[in-house]
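Consider how the cysteines and the charged side chains of a chain are placed. The structure is shown next.

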Amino acid sequence: MSHTTQPAPTRPMRGVGDAIRSRWDGLSRPAQWGIGVPAIILIALLPLFPPPLIDTPAVNFGVVMAQFAMYALIAIGLNVVVGQAGLLDLGYVGFFAVGAYTVGLMTSPNSPWNQADGWLNTPWSWFICVPFAIAATALSGLILGTPTLRLRGDYLAIVTLGFGEIVRLMADNLGDITNGSLGLSRIAHPNVGESQQHPEGYFSSGNLGDKHSMNLLDRAGSGTWWFWLGLVFVILVLLFVGNLERSRVGRAWVAIREDEDVAEMMGVPTFKFKLWAFTIGAAIGGLSGTLYAGQVSYVSPGEFDIIKSMLFLCAVVIGGSGNKLGVIVGAFLIAYLPWRFQSVQIGDQSLGDYKYLMFGLALVVMMIFRPQGLFPVRQKLLAYGRQIARAVRRPVAGATAGADQ
């Protein structure tokens, strides 16, 4: 009679992303923090000491990483809507524009609002404007979502697509309110680190950084400072969204995404939780818009077209809809690759100029060979936690031995 215990069946791995995530999930929470914190510090130092292999010769690497942080915020916010709640939003650029324009209208000297007599004449700092921008975008998400979230699928996609275009057209045509096609310039940035060497602070575009300085603060250019600030926002938003996913709200989102009719039959108030997802996603998109407006100091309607909205959606689809790490990787690819190939010339054209063609081909390939993205989302027993999920996946040794008898 044999009592040999059969080895535990292993879950088939689906690529490098799945293997990395399986190892990560197998670590305890202290071990995850022990690896995550040094990794974040190393990522924060990347713009100061860019490895030659990933450096971008055509553009300052700190500026590229700042754009990556901005795209990462957008991808996380869009992932709440598309990946978590299963709501196809094709007009996410509208929320991005609302956040950017809120800061611009409150701080730009060209703003019609800022030229009126009253409280708007006060020189607002960028940090004070951020909560107003988040509130404005959350309110716009609430206003858009209330009448439209009873629609599903293609109908909802068309409505959100129209919202993105409406925001752009309003910014272009309501000149008395938004300064029209002229846009808003000299938008404020955080006034941090003002000194004789940096008269407008570390975040000013005039701060190019000193590559020969051993002082990390002086070595960092404005792009690196924006990246650091964006990295802080990304971590805070990840903690917020992660807590939501493990709560009743997150479980409701997953239920709605998997089957809205069944979720409603089981007593989940689907409309309320969809509205939550839409509003939270909009607020995160607005936060990213404030970063964009402060960094470039100029916004105009042409920068918020539907193509950019498709680019945001690409980051989520390529990375893995529903997976926070996946969409951040997708955001990095979307932000980094065009600048990496900007110095590569094909004839008279830079290879980076073909970014829409490359991302379009990448989407086609992904849909054929890996439709769930580089890091496909894994279903978890959210109601009972990680330990129960491991216990369910782990075979019972005694039962296995008994089967061998």
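The paragraphs below treat disulfides and then salt bridges.

This is a predicted model, in which local features need pLDDT of at least 70, side-chain atom pairs count only at pLDDT 80 or more, and totals for chains, interfaces and linings use all residues. Residues are numbered from 1 along each chain as its sequence is written, and side-chain values use heavy atoms, with hydrogens and water left out.

A disulfide is a covalent bond between the sulfur atoms of two cysteines. With a disulfide taken as a pair of cysteine sulfur atoms within 2.5 Å, a search of the whole structure returns zero. Accessibility is described here in three classes: buried is under 20% relative accessible area, exposed is over 50%, and partly exposed is in between, for a 1.4 Å probe and protein chains only. Cys129 is buried, at a relative accessible area of 0%, and Cys314 is also buried, at 8%.

Side chains of opposite charge can pair when their charged atoms come close. Counting as a salt bridge any side-chain nitrogen of Lys or Arg within 4 Å of a carboxyl oxygen of Asp or Glu, the whole structure holds six. Helices are DSSP runs (H or I, at least four residues), as are strands (E, at least two), and both are numbered from the N terminus.

One of the salt bridges joins Asp261 to Arg152, at 3.0 Å from N to O. This pair links distant parts of the chain, 109 residues apart: Asp261 lies in helix 11 (residues 260-265), and Arg152 in the loop between helix 5 (126-148) and helix 6 (153-173). Asp261 is partly exposed, with 42% relative accessibility, and Arg152 is partly exposed at 38%.

What does the side chain of Lys324 meet in a salt bridge? The partner is Glu245, at 2.9 Å from N to O. Here the link runs between helix 14 (residues 324-340), which holds Lys324, and helix 9 (residues 222-245), which holds Glu245, with the two positions 79 residues apart. Lys324 is partly exposed at 22% relative accessibility, whereas Glu245 is buried at 13%.

A further salt bridge is formed by Lys274 and Glu260, again with an N to O distance of 2.9 Å. Lys274 belongs to helix 12 (residues 270-296) and Glu260 to helix 11, and the two are 14 residues apart. Are Lys274 and Glu260 buried or exposed? Both are buried. Through salt bridges that share partners, Lys274 and Glu260 are joined with Arg152 and Asp261 into one network.
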